[in-house]
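Here are some quick notes for you on the packing and the strand pairing. Have the model open while you read.

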Amino acid sequence: MRGRVQVGSSGTIGATSKFKGTMMAYASITLNTGAEVEGRVLARVAAVTMLANTITIPAAPSVVSLPPVETAAEKSCTARQPPVLLGDAEHFSVLAGSAIASTGHTRIIGDLGVSPGTDVTGFGPGEMLQGSLIEKANPSSAAGKIDLSDIPPSLFRLHDDTLRPALLVSA
């Protein structure tokens, strides 16, 4: 599968899972121990929590396509959602509204941002690699958060998603 995004009110990537793509959640995202992301983790209003993870931002700019609707009432619908332009949120590997917390040795390649909140914890032992920045309530993180907030709420499903341990590919 390529070109897909996981969306929901809250999202969890299971322990030791490998996820490729962008995970957007209306509220919060948790990456359980050892989960790896090649892409982005974007929480619109609340926190991103990481437990000894590796997150690497894709090298090339992208347009994110949403998956087909997956609710039981809409499974027969074959139409895809339109592409989502991430705007200033695109250069972040992790972006959250209130806080970002890391426990254990999390490694991030790509900028980490939080806005309007400023709470970022756990970096030492966590690492920002290859010149990646931590941006807290500054113009760059605020612009990324505004563009993330411009994504229509209707694109965020009103249930929680848990991605179980597996190789999950979405690009």
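The points below go from the ground rules to the core and then to one strand.

1. Ground rules: this is a predicted model, so local features need pLDDT of at least 70 and side-chain atom pairs count only at pLDDT 80 or more, while totals for chains, interfaces and linings use all residues. Residues are numbered from 1 along each chain as its sequence is written, and side-chain values use heavy atoms, with hydrogens and water left out.

2. The largest nonpolar core (buried Ala, Val, Leu, Ile, Met, Phe, Trp, Tyr and Cys residues joined through side-chain atoms within 4.5 Å) has 20 residues, and Ile-29, Val-48 and Met-50 are among those touching the most other members. Its largest share, five residues, comes from β2. Strands here are DSSP runs of E, at least two residues, numbered from the N terminus.

3. Ile-29 sits in β2 and is buried, at 0% relative accessible area; buried means under 20% (1.4 Å probe, protein chains only). Beyond four places in sequence, its contacts (heavy atoms within 4.5 Å) include Met-23, Val-41 and Val-48. Met-50 is 21 residues away along the chain, with 8.5 Å between the two C-alpha atoms.

4. Which strands does β3 pair with in the parallel sense? It does so with β5 over three bridges and with β6 over two; eight bridges join β2 to β3, also parallel. Pairing requires at least two DSSP bridges. Ala-25 stands opposite Ala-43, Glu-38 opposite Thr-56 and Leu-42 opposite Leu-95.

5. Six of the eight β3 residues are buried. Leu-42 and Leu-95 also belong to a second, separate core of nine residues.

Methods. Buried < 20%, exposed > 50% of the residue type's maximum accessible area, 1.4 Å probe, protein only. Helix = DSSP H or I, 4+ residues; strand = E, 2+ residues; numbered from the N terminus.
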